[in-house]
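The following exercises concern one protein model. Each task is followed by a solution in steps.

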Amino acid sequence: MKGTTPIPSATVILLSNTISGPGFKVLLLQRNSKIATHGGSWVFPGGKLDPDDYKGIVFEGAFDKLSQQVQLQVAMQAAIRESYEEAALTIKASALTYFSNWLTPASMTKRFNTFFFITEHHTEDVKIDDSEICDFCWLSPQEALQRQASGSLPLPPPTYLSLLLLSRYEDATRAI
């Protein structure tokens with residue numbers, strides 16, 4: 001049904017100045033092609049909020065009834081959890097900076113309300129789950145956009161536009 005309530009979700013954009021090559025790199029994960037939403041696409045670590053992400057939050061009702069501050073807190077927990085589940089990366093909440101919020105248009109049959117966070121990460125040791133995620137790469141935003149333009153790196157619109165914004169910067173610290 002069109003106009004359904006958006007599914008709360010979160011993602012984290014991981015940047016690194018320490019991976020070889022000029023400029024900073026961004027972690028991209030390839031979703032399994034069998035997954036309905038963005039299957040085969042390259043994305044940042046992230047996903048839907050789980051009940052565990054609400055630990056310590058007392059409320060009754062829907063996510064959209066929470067204050068924006070509490071929504072960000074819950075979404076941050078989801079971004080941390082998803083980074084660990086999908087890439088075995090441990091991130092601290094204090095390292096995350098709010099980046100953006102994407103809301104799928106009401107005309108879509110499956111909608112998401114996704115909170116994007118950004119942080120610098122100092123290791124390239126990524127261990128994918130080989131289930132939901134089937135590959136990963138660290139690329140500069142410019143290289144990722146070039147690969148997308150050539151058709152070898154499919155990117156969903158929020159990932160593409162986030163990379164486009166990040167491509168304006170020379171190092172991770174300035175990008176954040």
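**Exercise 1. Helix α2**

Which residue just after α2 takes a positive phi? Then determine which residues of α2 are buried, and what covers them.

*Solution.* The model is predicted; local features require pLDDT of at least 70 and side-chain atom pairs count only at pLDDT 80 or more, whereas totals for chains, interfaces and linings use all residues. Residues are numbered from 1 along each chain as its sequence is written, and side-chain values use heavy atoms, with hydrogens and water left out.

Step 1. G151 follows α2 directly and has a positive phi of about 90°. Helices (H or I, at least four residues) and strands (E, at least two) are DSSP runs, numbered from the N terminus.

Step 2. In α2 (residues 141-150), the buried residues are P141, A144 and L145. Buried means under 20% relative accessible area, exposed over 50%, and partly exposed in between (1.4 Å probe, protein chains only).

Step 3. These residues lie on the same side of α2, because they cover an arc of only 95° around the axis; the arc is that of the directions from the helix axis to the C-beta atoms. The face turned away from this buried side carries exposed Q146 and S150.

Step 4. The cover over the buried residues includes β2 (25-31), β7 (133-139) and α3 (157-166).

**Exercise 2. The surroundings of E86**

Establish which side chain of opposite charge is nearest to E86, and which backbone nitrogen the side chain of E86 reaches.

*Solution.* Step 1. E86 belongs to helix α1 (residues 68-87).

Step 2. E86 is buried and has no salt bridge; R31, the nearest side chain of opposite charge, is 4.8 Å away. A salt bridge requires a side-chain nitrogen of Lys or Arg within 4 Å of a carboxyl oxygen of Asp or Glu. Lys and Arg count as positive, Asp and Glu as negative; His and the chain ends are not counted.

Step 3. The side chain of E86 reaches the backbone nitrogen of G46 at 3.1 Å.

**Exercise 3. The pairing of β1**

Identify the strands joined to β1 and the sense of each pairing.

*Solution.* Step 1. Strand β1 (residues 7-16) is largely enclosed by the rest of the structure, because 9 of its 10 residues are buried.

Step 2. β1 and β6 (residues 112-120) run parallel and are joined by 9 bridges; two strands pair if DSSP finds at least two bridges between them. L14 stands opposite T119 in β6.

Step 3. With β4 (residues 46-48), β1 runs antiparallel over 3 bridges, and S9 has K48 as its bridge partner.

Step 4. β1 and β2 pair in the antiparallel sense over 2 bridges, with L15 opposite V26.

Notes. A polar contact is a pair of N or O atoms within 3.5 Å; within protein, one must be able to donate a hydrogen and the other to accept it, and residues adjacent in sequence count only if both atoms are side-chain atoms. Contact means heavy atoms within 4.5 Å.
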